[in-house]
Amino acid sequence: MQITVSTARLRVALLAVMAVVAGAGLAVEVLKPVLGLRGRSGVVPLFSLSYEQNVPTWYTSSLLLACSLALAVIAVGARRAGGFVKHWWGLSAAFLYISLDEVVEIHEAASSWLDLGGVLYFSWVIPAAIVVAAFAAAYLRFLGHLPRDTRNRFLLSGGIYVTGALVMELPLGYWTEQAGSDNLVYGLIDFVEESMEMLGVNLFLLALLGHLAGEGWAIGFSRAAPGPRSSVASERAA
């Protein structure tokens with residue numbers, strides 16, 4: 001018996017889960033001032049996209065880890081085909097790091113390097129933007145060799161993710177300096193930011209799975225064939 005999961009059904013499942021996680025985060029942010037929900041305990045810190053070490057954090061981290069594993073599988077296949085192996089492994093390592101950073105917030109330490117304000121209140125975006133630009137330049141040839149559909153999906157998902165992770169930090173930083181982080185406007189800006197990150201990672205994972213499907217891979221589960229004993233037993237029963 002073999003059960004194969006179609007890409008279309010997987011897409012629906014992934015986006016449905018994302019909608020639930022993001023929707024719950026938005027709901028607690030809106031209901032927090034209306035119902036006077038506590039910010040340090042209860043459903044707010046558990047589901048809010050503005051908090052860390054909670055359901056949205058672990059959800060996004062798991063998605064990033066899944067991308068890293070899918071990239072590693074592609075890298076193994078690329079080694080056999082002899083095409084851009086180091087680039088695939090580099091992407092796998094990068095997504096593994098981002099998955100860990102999502103949980104432990106390594107990038108936040110970079111904000112202490114520069115004491116800026118306004119849209120650069122979260123100053124870690126400066127070194128992050130430099131790293132992203134260098135990474136993109138190093139991968140231009142890699143992107144050029146990809147099939148057109150895969151390349152377009154990579155660019156779309158990457159653009160959405162970077163816009164959420166970096167660009168949306170600019171208005172969020174400005175508002176944080178002006179009004180702090182314990183208010184509805186902060187929560188709404190952060191909701192847009194985190195939702196874009198989730199969407200970008202989901203689309204990238206689907207793009208990776210689509211690339212694997214194009215290479216002949218399939219997502220499925222199968223029951224192991226009967227062993228020698230059960231085969232003999234079947235023959236005797238017959």
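This is a dialogue about reading helix packing, buried cores and single residues in a predicted model.

Reader: Before I look at details, how many helices and strands are there, and in what order do the elements run?

Author: It helps to begin with the list of elements and then follow their order along the chain. Here the chain has 10 helices and 2 strands, and from the N terminus on the elements run β-α-α-α-α-α-α-α-α-α-β-α. Of the 238 residues of the chain, 34% count as buried, and among contacts between residues at least 6 apart in sequence, 68% join residues at least 24 apart.

Reader: When two helices pack, how do I read their angle, and what is the case for α7 and α9?

Author: The general idea is that an angle over 145 degrees counts as roughly antiparallel. Helix α7 (residues 148–167) and helix α9 (residues 184–214) pack at about 160°, with axes 7 Å apart, and α7 and α9 are therefore roughly antiparallel to each other. The crossing in which α7 passes α9 is left-handed.

Reader: Which residues make that contact, and how do they divide by class?

Author: On the α7 side the contact includes Arg153, Phe154, Ile160 and Tyr161, while on the α9 side Met196, Leu203, Phe204 and Leu208 are among the residues taking part. By class, the contact of α7 with α9 has 11 nonpolar, 7 polar and 3 charged residues.

Reader: How does α4 lie against α9?

Author: The same reading of angles can be used again. The axes of α4 and α9 come within 14 Å and cross at roughly 150°, which makes α4 roughly antiparallel to α9, and α4 too passes α9 in a left-handed crossing. In this pair, Trp88, Phe95 and Glu102 of α4 meet Glu194, Glu197, Phe204, Leu208 and His211 of α9, and the residues of the contact divide into 4 nonpolar, 1 polar and 3 charged.

Reader: Which residues of the largest nonpolar core touch the most other members?

Author: A core can be read by asking which members have the most partners within it, and then which elements supply them. Of the 33 residues in the largest nonpolar core, Trp88, Phe154 and Leu208 touch the most other members. At least two residues of this core come from each of α1 (7–35), α3 (55–81), α4 (85–104), α6 (140–145), α7 and α9. Leaving aside neighbours within four places in sequence, tryptophan 88 is in contact with residues including Leu71, Ile74, Phe142, Phe154, Leu208 and His211. There is also a second, separate core of 9 residues, which includes Trp124, Met168, Leu172 and Ile189.

Reader: Turning to single residues, is alanine 22 buried or exposed, and which residues does alanine 22 touch?

Author: Burial is judged from relative accessible area, and under 20% means buried. Alanine 22, placed in helix α1, has a relative accessibility of 7% and therefore counts as buried. Not counting residues up to four places away in sequence, alanine 22 touches Leu49, Phe191, Ser195 and Met198. Alanine 22 and phenylalanine 191 are 169 residues apart in sequence, but 7.5 Å apart in space, C-alpha to C-alpha.

Reader: Where is glutamine 53 found, and what is its phi?

Author: For a loop residue, one can look at the backbone angle and then at the accessibility. Glutamine 53 is found in the loop between α2 (43–47) and α3, and its phi is near 55°, a positive value in a residue other than glycine. With a relative accessible area of 47%, glutamine 53 is partly exposed.

Methods. Residues numbered from 1 in each chain as written. Predicted model: local features only at pLDDT ≥ 70, side-chain atom pairs only at ≥ 80, totals over all residues. Heavy atoms only, no water. Axes fitted to C-alpha atoms, helices over the stretch in contact; angles between N-to-C directions. Helix = DSSP H or I, 4+ residues; strand = E, 2+ residues; numbered from the N terminus. Parallel < 35°, antiparallel > 145°, perpendicular 65-115°, else oblique. Left-handed = near helix turned anticlockwise from the far one by under 90°. Contact = heavy atoms within 4.5 Å. Nonpolar A, V, L, I, M, F, W, Y, C, P; charged D, E, K, R; others polar. Core = buried A, V, L, I, M, F, W, Y, C linked by side-chain atoms within 4.5 Å. Buried < 20%, exposed > 50% of the residue type's maximum accessible area, 1.4 Å probe, protein only.
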